Structure formats: C-alpha cells, structure tokens
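Visitor: I'm new to this one. Could you show me how to read a helix pair first, and then the empty spaces?
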Amino acid sequence: MADPLLDIRDLKTWFRTEDGLVRAVDGVSMSIGAGETLAVVGESGCGKTVTARSVLKLIDMPPGQFAGGQILWRGRDLIPLPPAEMDKIRAREIAMVFQEPMTSLNPVYPVGQQIAESLRTHEGLSRKAALDEAVAMLRLVQISNPERRVHDYPHQFSGGMRQRVMIALALACKPKLLIADEPTTALDVTIQAQILELLVEMKERFGMAIMLITHAMGVVAETAQRVVVMYAGKVVEEATVEDLFAHPRHPYTQGLIRSIPRVDASATVRRRLEQIPGTVPNLLNPPEGCRFAARCGFAVETCRKVEPPLREVAPGHKAACVL
C-alpha cells in the first residue's frame with residue numbers, strides 16, 4: 001500500500017500488574033489506506049481494543065506502556081507526541097466510536113452540548129453555531145426531531161439511538177479515520193444492520209477510512225475490504241475479505257469461519273456448530289512458539305518451539321503459520 005493513512009509497525013502495548021507484565025499487544029503491524037475499511041477480528045482478549053486505543057493514546061500510563069514499535073499517522077509517529085499535540089489529532093483527524101455508548105457519553109450533559117463541545121474545541125465555532133451543527137449531525141445520523149432531541153440526555157435515548165449519537169459525535173469534525181470498536185455490541189439484529197448501514201453511508205459521504213473492530217465474521221463480510229485476524233496479542237493472518245473467506249490459511253481463521261452459523265445449509269443438513277477447543281493462553285506468561293499451537297489440530301513440534309513470522313503466502317495474503 002502506497003503512503004497509508006495509518007501505519008502501525010511492530011506495536012507493543014504492555015501492562016504492568018501485581019502478577020507481572022501483561023503483553024496485551026505484542027508486535028502488531030497493520031496499515032489502512034484512505035477510503036478503506038479494515039476489519040480487525042478475533043475473540044475477546046486478543047488485543048483488538050488495546051490496539052485501537054493505542055492509536056489515540058487512550059491507554060492509562062501507568063499501568064500501560066508502549067514497549068516498542070511505531071504508530072505512523074500520515075508519516076508522523078504518534079507515540080512520542082505530547083498530550084497537547086495529540087489533542088489536535090483526536091476527533092479532528094482520528095475519531096473513535098466506543099463499544100458501550102452509555103458509558104462513553106456523559107450522563108449529566110445533553111447530547112447536543114457534548115457534540116457542540118467537540119466542534120467549539122477543534123473548529124473554533126461559537127456556542128450557537130456549534131449547537132446548530134450538532135442538530136445537523138443528529139439529523140444526518142437519522143435521529144428524528146433533532147431540534148428537540150439535541151437537548152435530551154443520554155438516558156433518554158435507546159441503545160441504538162445512543163450509538164447514533166456517538167457516531168454523530170465522532171464525525172462532527174469530519175475526521176479522516178474513524179475507529180469503530182464493536183459498534184453493534186448489545187444491539188438487536190435489526191438495529192445492528194441499521195448501524196452498519198449508517199457507517200457505510202457516512203464513510204462514502206465524508207470519504208474517510210474506517211477501522212472496524214469486531215468479533216462477528218458476518219459483519220466483516222458485509223462492510224470491509226481487508227481483514228486482519230488477531231490472536232493472543234499478535235496478528236496471525238491478513239488478506240482481502242474475498243480471499244480470507246475463500247482461502248483462509250491460518251488454522252485459527254479457519255476455526256472462526258467454521259463457527260459461523262450457516263443459514264443456507266441448516267435447511268438441508270443438521271450439524272452442530274464447530275468450536276475451537278481449549279482456551280486463550282495467559283499473556284502474563286505466553287508460551288514459546290506459536291501461541292495457537294495448544295489449540296491447533298495441525299500443530300507439529302516446530303510450532304511449539306519457533307514463533308512463526310507473519311509472511312506473504314499469496315499475493316496480498318499473509319499468514320503466521322509454519323504450514
């Protein structure tokens with residue numbers, strides 16, 4: 001990819017705890033280009049959210065620390081930047097939709113005031129102009145009667161409406177990159193589809209890139225162009241959506257795809273969903289070699305001794321597997 005917007009290189013985000021050092025993100029590399037949707041998938045605890053929060057430096061330090069690597073935003077490394085410089089990038093250039101809007105929105109301020117605050121801080125708008133723009137943003141994300149609802153508090157909105165407010169807040173300053181961290185969690189299926197459709201529509205309207213953090217492979221197939229698969233703090237596979245679903249190379253990715261319910265096949269063949277045996281390794285003391293080896297049906301002795309590098313196994317397709 002020529003001149004990506006965001007280029008994460010060998011990022012290591014670790015946390016110091018009473019029990020030891022947790023290597024939550026341990027040498028992750030990925031990039032995203034202008035106008036692209038990159039999905040980052042993997043089960044809970046694999047490091048997806050920590051990677052996303054690292055980009056905006058929303059990691060509490062201590063206990064968190066950047067133990068290595070670079071986060072290049074348009075060629076500029078964000079890790080050494082002071083807080084004042086990061087404040088100029090957050091919301092204005094890179095914005096984030098968090099996983100749970102009820103805990104991300106301030107419960108004691110009207111939603112319009114929270115959107116307006118971002119506009120006044122980053123765009124220099126007056127109080128009235130910022131509130132007018134907040135109304136326009138609520139209308140854009142399809143909240144009915146935005147002139148009245150701009151004065152409502154977060155608890156007066158449903159879960160799906162709160163997520164729309166979060167999207168309006170994130171897009172208020174027209175960022176170049178939107179990080180969406182599990183934006184459909186805890187929403188029913190119909191509302192999930194509406195939120196995903198809204199994200200795609202906003203991407204096309206503003207010409208921005210999206211980093212979509214999810215564990216739902218169906219969401220990936222619907223919205224993304226490329227996919228990065230993470231496991232136990234590392235990237236194990238990267239490919240285009242079409243290539244990943246047609247030719248998954250890593251055993252972990254194969255297991256994720258086999259665990260998807262098949263509506264087309266269930267009408268003719270009754271079979272149990274496949275599951276990946278075992279549990280995720282303890283990142284306080286990660287095993288030698290491949291971190292998936294203990295759960296992999298194809299593992300050989302080399303897998304337990306040598307950590308496989310992420311290498312290109314086909315044009316545009318990378319996998320970290322000795323096989």
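Guide: Sure, and keep in mind that this is a predicted model. Two packed helices are described by the angle between their axes and how far apart those axes are. Here, H7 and helix H8 (residues 189-206) pack at about 15°, and their axes are 10 Å apart.

Visitor: Are H7 and H8 roughly parallel or roughly antiparallel, and why?

Guide: Angles under 35 degrees count as roughly parallel, so H7 and H8 are roughly parallel to each other. Their crossing is right-handed.

Visitor: Which residues meet where H7 packs on H8?

Guide: From H7 come Gly-160, Gln-163, Arg-164, Ile-167 and Leu-171, and they meet H8 residues including Ile-191, Leu-198, Met-202 and Phe-206. By class, this contact has 8 nonpolar, 3 polar and 1 charged.

Visitor: Now the empty spaces. How do I find those?

Guide: Rolling a probe the size of a water molecule over the atoms shows where empty space is left. In this structure, the largest pocket holds about 880 Å³. Its lining has 32 residues, with Ala-91, Gln-114, Glu-117, Ser-118 and Leu-169 nearest the centre.

Visitor: Which element gives the most to that lining?

Guide: H4 does, with 9 residues. Strand S6 (94-97), helix H5 (127-140) and helix H7 (159-171) are among the elements giving two or more. The pocket lining splits into 17 nonpolar, 9 polar and 6 charged residues.

Visitor: And how many cavities of 30 Å³ or more are there?

Guide: The search finds 1, with a volume of about 80 Å³. Of its 14 lining residues, the closest to the centre are Pro-251, Cys-290, Cys-296, Cys-303 and Cys-321. The cavity lining has 13 nonpolar residues, 1 polar and no charged ones.

Definitions and conventions:
Residues are numbered from 1 along each chain as its sequence is written. This is a predicted model: local features need pLDDT of at least 70, side-chain atom pairs count only at pLDDT 80 or more; totals for chains, interfaces and linings use all residues. Side-chain values use heavy atoms; hydrogens and water are left out. On a 1 Å grid over the protein atoms alone, a cavity is a set of points where a 1.4 Å probe fits but cannot get out, and a pocket is an open set with protein on both sides within 12 Å along at least five of seven lines; lining residues have an atom within 4 Å of a point. Grid points are joined across faces, edges and corners, and a volume is the space filled by probe spheres set on the points. Ala, Val, Leu, Ile, Met, Phe, Trp, Tyr, Cys and Pro count as nonpolar, Asp, Glu, Lys and Arg as charged, and the others, Gly among them, as polar. Helices (H or I, at least four residues) and strands (E, at least two) are DSSP runs, numbered from the N terminus. Axes are lines fitted to C-alpha atoms, for helices over the stretch in contact, and angles run from 0 to 180 degrees between N-to-C directions. Angles under 35 degrees count as roughly parallel, over 145 as roughly antiparallel, 65 to 115 as roughly perpendicular and the rest as oblique. A crossing is left-handed if the near helix is turned anticlockwise from the far one by less than a right angle, and right-handed if clockwise. Contact means heavy atoms within 4.5 Å.
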